[in-house]
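Here is a friendly walk through one protein model, meant to be read with the structure open beside the text. Take a moment to rotate the view before reading on.

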Amino acid sequence: MSVIEQRIDIPAEHERNVCGELDGNLKKIERSLHVTMIERDGAMKIIGQEDGVRKAVSVFQNLVELSKRGNQITEQNVNYALSLSFEEGESQILEIDKDLVCRTAAGRPIKPKTLGQKQYVDLIRNRMITFGIGPAGTGKTYLAMAMAVQAFRDGGVERIVLTRPALEAGEKLGFLPGDLQSKIDPYLRPLYDALYQIMGAESYLHSAEKGLIEVAPLAYMRGRTLDNAFIVLDEAQNTTPSQMKMFLTRIGFGSHAVITGDLTQKDLPSGQTSGLETAARVLSEIDEIGFCRLTSRDVVRHPLVQKIVDAYEKYEKKENYRTERKRKYTRQRGRDDS
């Protein structure tokens with residue numbers, strides 16, 4: 001194929017945001033698509049093979065458009081735009097960006113950033129119960145909290161209930177100082193932090209004092225019926241099947257529930273089945289319940305987190321393969337000996 005050259009204008013006010021610090025974003029596009037990008041006099045010249053230039057032009061134009069919409073261009077934006085370009089889905093990143101969930105207390109827009117997150121948000125809107133299952137950093141909890149706050153602001157629900165199983169990971173609750181609430185609060189801190197950021201501390205405290213927002217451990221849900229509420233169960237991989245059934249049967253009329261969890265980070269005792277795992281098998285055929293399975297491609301934290309998730313997935317697949325081969329070998333030897 002012949003080498004071609006294409007020129008794109010860059011709005012001066014978006015140049016720094018799109019190109020990145022020390023042109024880091026441009027260098028990443030160049031390495032990924034095997035093109036050369038030369039920025040000069042308010043324009044970008046892209047040189048390379050036809051296919052690479054076409055993709056680079058599309059990625060760059062998408063980043064410019066994201067910047068025009070008020071987004072701070074991050075490495076995650078660049079990585080995702082590049083990954084979509086290889087799947088002929090580069091235009092979808094702009095469709096994703098149109099979906100505004102809500103704004104934080106500081107006015108920052110909260111939007112889905114990947115196709116997986118967009119599917120997750122759409123399921124929450126359209127299903128009474130939604131399961132968000134995926135690795136750390138995919139925005140499962142934060143987007144669920146944002147949807148809960150928006151539903152509360154719009155009057156779609158009368159209150160928000162946030163809950164987690166208070167299951168320790170290596171340290172016993174009894175060794176921590178203070179009363180029961182003081183021991184439980186550290187497990188619920190991520191939920192408080194998200195609420196403070198989205199609602200603002202003053203607005204949250206005002207609603208909490210009126211009983212309109214409740215943050216509590218899962219054990220406190222037993223025996224209750226939650227009507228006209230938006231309920232978020234976080235860290236659901238640490239529930240037992242009986243706890244999950246108890247939680248799901250609390251949901252009353254006019255309520256929505258979101259259950260989030262990462263099946264690779266269970267803190268349950270060895271041999272204990274996860275309630276999230278069981279629910280995914282038992283409830284998958286019910287139309288009113290949505291399941292969204294996020295992957296490492298939906299990680300929106302530091303790019304290193306995505307690499308860590310991928311590395312662990314590869315390691316676990318190898319270990320599972322070795323374990324399964326060992327089991328087959330043991331079974332075969334048992335048959336031969338008999």
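Leaving aside its neighbours within four places in sequence, which residues is N17 in contact with? They are N25, S67, N71, Q72 and I73. Before going further, please keep in mind that this is a predicted model.

**Around N17**

N17 belongs to helix α1, which spans residues 12-19. With a relative accessible area of 15%, N17 falls under the 20% limit and is therefore buried. One of its contacts, S67, also takes part in a polar contact: the side chains of N17 and S67 come to 2.9 Å.

**Strand β9 and its partners**

Next, look at strand β9, residues 229-233. Of its 5 residues, 5 are buried, so the strand is largely enclosed by the rest of the structure. The side chains are split between two directions: A229, I231 and L233 point one way, while F230 and V232 point the other way, and all of them are buried.

Which strands pair with β9? One is β7 (residues 159-164), joined to β9 by 5 bridges in a parallel arrangement. Within that pairing, V232 of β9 stands opposite L162. Another is β10 (residues 256-261), which runs parallel to β9 and is joined to it by 4 bridges. Here F230 has H256 as its bridge partner in β10. Helix α10 (residues 241-248) completes the picture, as β9, α10 and β10 form a right-handed β-α-β unit.

**Nonpolar cores**

In soluble globular proteins, nonpolar side chains tend to be buried together. In this model, the largest nonpolar core has 34 residues, and L162, L195, V215 and F230 are those with the most contacts inside it. At least two residues of this core come from each of α6 (115-126), α7 (140-153), β7, α8 (180-199), β8 (213-217) and β9. The largest share, 9 residues, is supplied by α7.

V215 is a good place to centre the view. Not counting residues up to four places away in sequence, V215 touches L162, L188, L191, Y192, L195 and Y204. Apart from this core lies another one, with 28 residues, among them I10, V18, I29 and L82.

**Salt bridges**

How many salt bridges does the structure hold? There are 16, including the three in this table.

| Pair | Closest N to O distance |
|---|---|
| D9 and R7 | 3.0 Å |
| K55 and D51 | 3.3 Å |
| R69 and E65 | 3.5 Å |

The settings of these pairs are worth a look. D9 and R7 are both exposed. In the second pair, K55 is buried, because its relative accessibility of 9% is under 20%. Its partner D51 has a relative accessible area of 34%, so D51 counts as partly exposed. K55 and D51 both sit in helix α3 (residues 50-68), where being 4 residues apart means that about one helical turn separates them.

For the third pair, R69 is partly exposed at a relative accessible area of 29%, and E65 is also partly exposed, at 28% relative accessibility. This pair is part of a wider arrangement: E65, R69, D97 and K111 are linked in a network of salt bridges.

Methods. Residues numbered from 1 in each chain as written. Predicted model: local features only at pLDDT ≥ 70, side-chain atom pairs only at ≥ 80, totals over all residues. Heavy atoms only, no water. Buried < 20%, exposed > 50% of the residue type's maximum accessible area, 1.4 Å probe, protein only. Pairing = 2+ DSSP bridges. Right-handed = clockwise from strand over helix to strand, strands pointing away. Polar contact = N/O pair within 3.5 Å; in protein donor to acceptor, adjacent residues only side chain to side chain. Contact = heavy atoms within 4.5 Å. Salt bridge = Lys/Arg side-chain N within 4 Å of Asp/Glu carboxyl O. Core = buried A, V, L, I, M, F, W, Y, C linked by side-chain atoms within 4.5 Å.
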